[in-house]
Amino acid sequence: MDGMTRRTLNDAPLLDAAVPGRTPSRTPVWFMRQAGRSLPEYRQVREGIDMLDSCFMPELLAEITMQPVRRHDVDAAILFSDIVVPLKAAGVGVEIVAGRGPVMDEAIRSRADVDKLAILESDVPEVTAGIEIILDELTDSQALIGFVGAPFTLASYLVEGGPSKNHEKTKAMMHGEPETWHALMQRLTPTIIRFLQLQIDAGIDAMQLFDSWAGFLTERDYREFVLPYSTEILGAIEDAGIPRIHFGVGTGELLGAMSEAGSEVMGVDWRVPLDTAAARINAVSGPKVLQGNLDPAMLFAGRSVVEQEVARITSEAAAAIAAGHATGHIFNLGHGVLPNTPAEAITEAVAIVHGEN
Ligand code: 1CP
C-alpha cells in the first residue's frame, strides 16, 4: 500500500482524539503490551514458537495483534513486534530470552563494533503482510498503531548486551567516548526510520516511538546525546500525516525536552499527574495530546480502585484541556501491562474508561 491508498478513518476515537479540532465519540483507550502473556489465547498460539520468530510470521503476528482488540474492545491494535525486530531483520544476532528480554550475541563496546553494526536497507515482507491482514480485520473505528524503539533505548540493549538495571555501560560510552556514542546513534537511526517507513507504507494509522529507558538520563544528557536522533526519526515521517506518539518511563523531568522531538501526542508514565505533565509540555512546545497514565499495578487492586483512578486521570486530563495546556486525551497505562495481570481486569478497565459500567 502507498500513502495514497491509506484507509481514511472518519470515526476512530483514537484518531479523533489525536487530531486537533476533532472530537472522539468516546475516550479512546488502548494499553501498552496489551498483547502477550496476560492472555491465555496468546500463550496458546505462541506455544513452541520462538518470540522473535513469531514476529516474522504474518498470520500469527496478525492473530496476536487482534487478540486484545477482540477480547477487550480497545480502540486500537498495536502491532505485535518488538523493538529489536528491525535489528534482527538487518541480520544482527539477537534473541528474546523468556522472562528476561532481548539479549545480543555480541555487545557493542567500541567504534569498530559500531562500524560493523548492520543497517536495515531491505523490506521486511513478513511485517508488511502481517499489517495487511490486520487492516482487513479491524473495523473503521479501530486504529492500528505501529511502533519502533528509539535509538537510546535500542542502544542500551546493544551496549549492555541485554536488559540492564542501571544502564552503566551505556552511560559510560556516552560520556567516556562521545564520538563512538554519536556514531552509534547515527548508525541506528536509518534502521529505525526504514522499519517505521515500511509500516507506514503498509498502512498503519498511527505510530509510537518507545524510548522506554530515557528516564534514566538527566535532561542535559537527553538533549545532547538523544534528542537530535529522536527528532530526526519523527521528522522523517512527518509528511505521512499519521499521529506520532512519543513515550518513555520515568520521564517526568524530560517531558519538555522530549516534546521538542516533534510528536503530536506525549505518553506520560504514572508518576506525574496529567495536568502537571501538560503544563510542562505546553511550556516548551505548546499544547499537545496526552496519553496515559494509569499505574499498571492498579489492575491488581480491584474494580473500585480502578474506577477511582480512571475518574482521577480523566479529570486531570480534562483540567489540562480546560487550561489550554493539552488538546486531547488517549487513555492508556503509565507503562505496559504487567505479565500476571488478570485478563478480566483489563477488559473491566476498558469498559470503565468507556463509561460502560
Ligand atoms: O515470549 C514473550 O511473550 C516475551 C515477552 C515480550 C512480548 C510479548 C517481549 C520481550 N516483547 C513483546 C512484544 C512487544 N514488545 C510489543 C507488542 C505487544 C503489545 O504491546 O501489545 C511491544 C510494543 C514491545 C516493545 C518493547 N520491547 C519495549 C518498549 C515497550 C516497553 O514495555 O517499554 C521494550 C523495552 C522491549 C524490550 C523487551 N522485549 C521483551 C521484554 C521482556 C522486553 C523488556 C526487557 C527489559 O526489561 O529490559
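## Ligand site and backbone outliers

Asp73 lies in the loop between helix 4 (58-72) and strand 1 (76-78). Asp73 has a positive phi of about 60°, although the residue is not a glycine. The model is predicted. Its ligand takes up the space of the largest pocket, and 23 residues surround that ligand.

**Ligand contacts**

- Among the 23 residues around the ligand, the closest are Ala35, Tyr42, Tyr157, Ser212 and His335.
- Ser212 places a polar side-chain atom 2.4 Å from an oxygen atom of the ligand.
- The side chain of Tyr42 has an N or O atom 2.7 Å from an oxygen atom of the ligand.
- Arg33 approaches through its backbone: an N or O atom there lies 2.9 Å from a ligand oxygen atom.
- On its own, the ligand has 880 Å² of accessible area, and the protein covers 88% of that area.

**The shell around the ligand**

- Two elements give two or more residues to the shell: helix 2 (40-46) and strand 3 (101-104).
- Tyr42, one of the closest residues, falls within the range of helix 2 (40-46).
- By residue class, the shell holds 14 nonpolar, five polar and four charged residues.

**The largest pocket**

- The largest pocket has a volume of about 1,400 Å³.
- Its lining is made of 43 residues.
- Nearest the centre of the largest pocket lie Arg33, Arg37, Asp82, Arg100 and Gly101.
- Arg33 thus appears twice, once in this central group and once with its backbone 2.9 Å from a ligand oxygen atom.
- Helix 2, strand 2 (94-97), strand 3 and helix 8 (151-160) each supply at least two residues of the lining.
- Helix 2 gives the largest share of the lining, three residues.
- Helix 2 and strand 3 serve both the shell around the ligand and the lining of the pocket.
- The lining divides into 24 nonpolar, 12 polar and seven charged residues.

**Backbone geometry**

- A cis peptide bond links Gly292 to Asn293, with omega at about -5°.
- Asn293 belongs to strand 8, which spans residues 288-294.
- The positive phi of Asp73 falls in a loop, the one that runs from helix 4 to strand 1.

Technical notes:
Residues numbered from 1 in each chain as written. Predicted model: local features only at pLDDT ≥ 70, side-chain atom pairs only at ≥ 80, totals over all residues. Heavy atoms only, no water. Near = heavy atom within 4 Å. Polar contact = N/O pair within 3.5 Å; in protein donor to acceptor, adjacent residues only side chain to side chain. Areas by Shrake-Rupley, 256 points an atom, 1.4 Å probe, with all protein chains shown as cover. 1 Å grid on protein atoms, 1.4 Å probe; cavity = no way out; pocket = protein on both sides within 12 Å on 5 of 7 lines; lining within 4 Å. Sits in = over half its atoms within 2 Å of the grid points. Helix = DSSP H or I, 4+ residues; strand = E, 2+ residues; numbered from the N terminus. Nonpolar A, V, L, I, M, F, W, Y, C, P; charged D, E, K, R; others polar. Points joined across faces, edges and corners; volume = space filled by probe spheres on them.
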